[in-house]
Amino acid sequence: MLMSILFIVINIAYFVVLNINIYTDRAMMQTGEIREWHRSPIARLNIADQSFLIYLQIVFAAVSIITSVLFLFGVRNNIIRIIQLVSTIGSTIVFIIIMIVTSNLHAKYV
């Protein structure tokens with residue numbers, strides 16, 4: 001039961017971190033000034049047309065949260081537990097991939 005609550009909190013924390021503006025993009029404008037934007041990992045993925053990673057994260061997190069809620073409501077099935085673990089591990093892996101990809105993205109402004 002404690003694991004299910006922990007899995008729900010972890011997936012919520014992933015989405016909170018993905019929506020925090022942690023990156024700063026700078027670009028030289030045509031007028032000669034330097035423009036600065038503060039962006040979240042989700043915004044940087046959208047700029048780079050790699051939003052499929054966000055959708056993959058949403059799918060893994062949704063499955064993890066749904067199976068955790070099922071487990072909290074008393075569904076004690078070994079298959080539900082396996083799906084819960086696999087989806088939480090998948091969500092963690094995709095989160096790490098998103099953070100690595102967004103740290104190496106450099107948006108090009110034309």
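# A tour from Gln-84 to the surface patch

Start by selecting Gln-84: its relative accessibility is 0%, so Gln-84 counts as buried (under 20% relative accessible area is buried, over 50% exposed, and in between partly exposed, with a 1.4 Å probe and protein chains only). The model is predicted: local features need pLDDT of at least 70 and side-chain atom pairs count only at pLDDT 80 or more, while totals for chains, interfaces and linings use all residues. Residues are numbered from 1 along each chain as its sequence is written, and side-chain values use heavy atoms, with hydrogens and water left out.

Gln-84 sits in helix α4 (helices are DSSP runs of H or I with at least four residues, numbered from the N terminus). Now show Ser-4 and Ser-68. The side chain of Gln-84 makes a polar contact of 3.1 Å with that of Ser-4 and one of 2.8 Å with that of Ser-68. A polar contact is a pair of N or O atoms within 3.5 Å; within protein, one must be able to donate a hydrogen and the other to accept it, and residues adjacent in sequence count only if both atoms are side-chain atoms. Beyond four places in sequence, the contacts of Gln-84 (heavy atoms within 4.5 Å) include Phe-7 and Phe-71.

Next, select Gln-57 in helix α3, residues 52–72. Gln-57 has a relative accessible area of 0% and is therefore buried. Its side chain is joined to that of Ser-91 by a polar contact of 2.9 Å. Leaving aside neighbours within four places in sequence, Gln-57 also touches Tyr-14, Leu-18, Val-94, Phe-95 and Ile-98, among others.

Those five residues belong to the largest nonpolar core, which has 12 residues in all. Such a core is a set of buried Ala, Val, Leu, Ile, Met, Phe, Trp, Tyr and Cys residues joined through side-chain atoms within 4.5 Å. At least two core residues come from each of α1, α2 (41–47), α3 and α4, and α4 gives the most, four. Select Ile-42, one of the core residues: not counting residues up to four places away in sequence, Ile-42 touches Leu-18, Asn-19 and Ile-54.

Finally, turn to the surface and select Ile-93, in helix α4. Ile-93 counts as partly exposed because its relative accessibility is 44%. Add Met-3, Leu-6, Leu-85, Ile-89 and Ile-97: with Ile-93 they form a nonpolar patch on the surface. The elements giving two or more residues to the patch are α1 (2–18) and α4 (78–103), and α4 has the largest share, four residues.

Notes
Patches are made of residues with over 30% relative accessible area and no salt bridge: like charges are joined within 9 Å, nonpolar side chains (Val, Leu, Ile, Met, Phe, Trp, Tyr) within 5 Å. Accessible areas come from the Shrake-Rupley method with a 1.4 Å probe; for residues, only the protein chains shown count as cover. A salt bridge is a side-chain nitrogen of Lys or Arg within 4 Å of a carboxyl oxygen of Asp or Glu.
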